Amino acid sequence: MSRKHIVAGNWKMNNTQAETTALISDLTQKEKTSNAEVIIAPTSINLYTAVSQLEGSSIQVAAQNMHQAENGAYTGEISASMLKDVGIQTVILGHSERRAYFYENDTLLAQKVNTALSHGLRIIFCFGEELDDRKNGKHFDIVESQLKNAIFHLTSDQWSQIILAYEPVWAIGTGETASPEQAQEMHAFIRKTVSESYDVTTANNVSILYGGSVKPANAKEIFSKPDVDGGLIGGAALKADDFFAIVNAF
Ligand code: PEP
């Protein structure tokens, strides 16, 4: 089993260039006592600044989104090759805010996944059920279909470039977190689904992050679960102390 612990901070549409530089400067002064790989995802206009500032640091930089086309008349969009060109190695795809506010669906996400992989980008692939799905007992079906429709067409070799991020929509930015038991139950289900569609090795090697109101106060308990390999952190990633408390919760 070679999967890694990973803590990734999704900064969303926050931080000017000056604020980005200041937060990164704070982050680089923190002591890392865990074995977790650390990733931050600033807004696209600040990716180059972040990559330049973190040269030589173990903190990696990811993009929050990417367009599926190679290039062309897609006003306002950013391509995979543009991300690579500024030193980005990882892209977040399928975040629930992209699905909800920008109408990204499984078919589109499958295209984005293919484009990202063809450019050698690693993907943090987000998915998760809404509150009604959970109330109606459909959460396992929803998660399974999100995975099957957007990433289960990949070869097992391509899975080395995939990080999964289970993010129940009802727990994102709400202060409400899935219980460590709910997270473990879903992560174990996800791993079993990967194992059944691929093989045990692929399932055991993929890192599955949990996202949804992870804070310093709850990170340790969530990360103690055997199938939780890290976190995708929103609000708490905007403060260096909180983010590193979560990184060091492993
Ligand atoms: C997220 O947006 O991926 C997230 C998990 O946000 P928060 O930690 O603020 O709930």
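Modeller: An axis here is a line fitted to C-alpha atoms, for helices over the stretch in contact. In this predicted model, helix H5 (residues 106-118) and H7 pack with their axes 8 Å apart, at an angle of about 45°.

Biologist: Why are H5 and H7 called oblique to each other?

Modeller: Angles under 35 degrees count as roughly parallel, over 145 as roughly antiparallel and 65 to 115 as roughly perpendicular, with the rest oblique. The angle of about 45° belongs to the rest, so H5 and H7 are oblique. H5 passes H7 in a right-handed crossing. On the H5 side, Asp106, Leu109, Ala110 and Val113 make the contact, and on the H7 side Ser145, Gln146, Asn149 and Ala150.

Biologist: What makes H7 oblique to H8?

Modeller: The axes of H7 and H8 come within 11 Å and cross at roughly 45°. With 35 degrees as the upper limit for roughly parallel and 65 as the start of roughly perpendicular, this angle makes H7 oblique to H8. The crossing is right-handed. Residues of H7 in the contact are His139, Phe140, Val143, Glu144, Leu147 and Lys148, while H8 contributes Glu185, Met186, Phe189, Ile190, Thr193 and Ser197.

Biologist: How do you know that H1 and H11 are oblique?

Modeller: The axes of helix H1 (residues 17-28) and H11 cross at roughly 40° and come within 9 Å. Since roughly parallel requires an angle under 35 degrees and roughly perpendicular one of 65 to 115, H1 and H11 are oblique to each other. Their crossing is right-handed. Leu23, Asp26 and Leu27 of H1 meet Ala240, Phe243 and Phe244 of H11.

Biologist: Why does Asp242 count as partly exposed?

Modeller: Asp242 lies in helix H11 (residues 240-247). Buried means under 20% relative accessible area and exposed over 50%. At 27%, Asp242 falls in between, so Asp242 counts as partly exposed. Not counting residues up to four places away in sequence, Asp242 touches Pro216 and Ala236. Although Asp242 and Pro216 are 26 residues apart along the chain, their C-alpha atoms are separated by 5.9 Å.

Biologist: Does Leu54 count as buried or exposed, and why?

Modeller: Leu54 is found in the loop between helix H2 (47-53) and strand S3 (60-63). Its relative accessibility is 4%, against a limit of 20% for buried, so Leu54 counts as buried. Leaving aside neighbours within four places in sequence, Leu54 is in contact with Ile24, Thr28, Ile40, Ile59 and Val61. The C-alpha atoms of Leu54 and His119 are separated by 22 Å, with their positions 65 residues apart along the chain.

Biologist: How many aromatic pairs does the structure hold, and why is the pair of Phe152 and Tyr198 called edge-to-face?

Modeller: The structure holds nine aromatic pairs. Ring centres within 6.5 Å make a pair, and planes over 60 degrees apart make that pair edge-to-face. The centres of Phe152 and Tyr198 are 5.6 Å apart and their planes stand at 90°, so both conditions are met and the pair is edge-to-face. This pair links distant parts of the chain, 46 residues apart: Phe152 is in the loop between helix H7 (139-150) and strand S6 (162-166), and Tyr198 in the loop between helix H8 (180-197) and helix H9 (200-205). Both Phe152 and Tyr198 are buried.

Biologist: Which residues form one aromatic cluster?

Modeller: The cluster is formed by Phe125, Phe127, Tyr166 and Tyr210. Elsewhere, the charged end of Arg98 sits over the ring of Phe102, 4.0 Å from its centre.

Methods:
Residues are numbered from 1 along each chain as its sequence is written. This is a predicted model: local features need pLDDT of at least 70, side-chain atom pairs count only at pLDDT 80 or more; totals for chains, interfaces and linings use all residues. Side-chain values use heavy atoms; hydrogens and water are left out. Rings of Phe, Tyr and Trp (its six-membered ring) pair if their centres lie within 6.5 Å; planes under 30 degrees apart count as stacked, over 60 as edge-to-face and the rest as tilted. Helices (H or I, at least four residues) and strands (E, at least two) are DSSP runs, numbered from the N terminus. Buried means under 20% relative accessible area, exposed over 50%, partly exposed in between (1.4 Å probe, protein chains only). A charge sits over a ring if NZ of Lys or CZ of Arg is within 6 Å of the ring centre and within 35 degrees of the ring normal. Axes are lines fitted to C-alpha atoms, for helices over the stretch in contact, and angles run from 0 to 180 degrees between N-to-C directions. A crossing is left-handed if the near helix is turned anticlockwise from the far one by less than a right angle, and right-handed if clockwise. Contact means heavy atoms within 4.5 Å.
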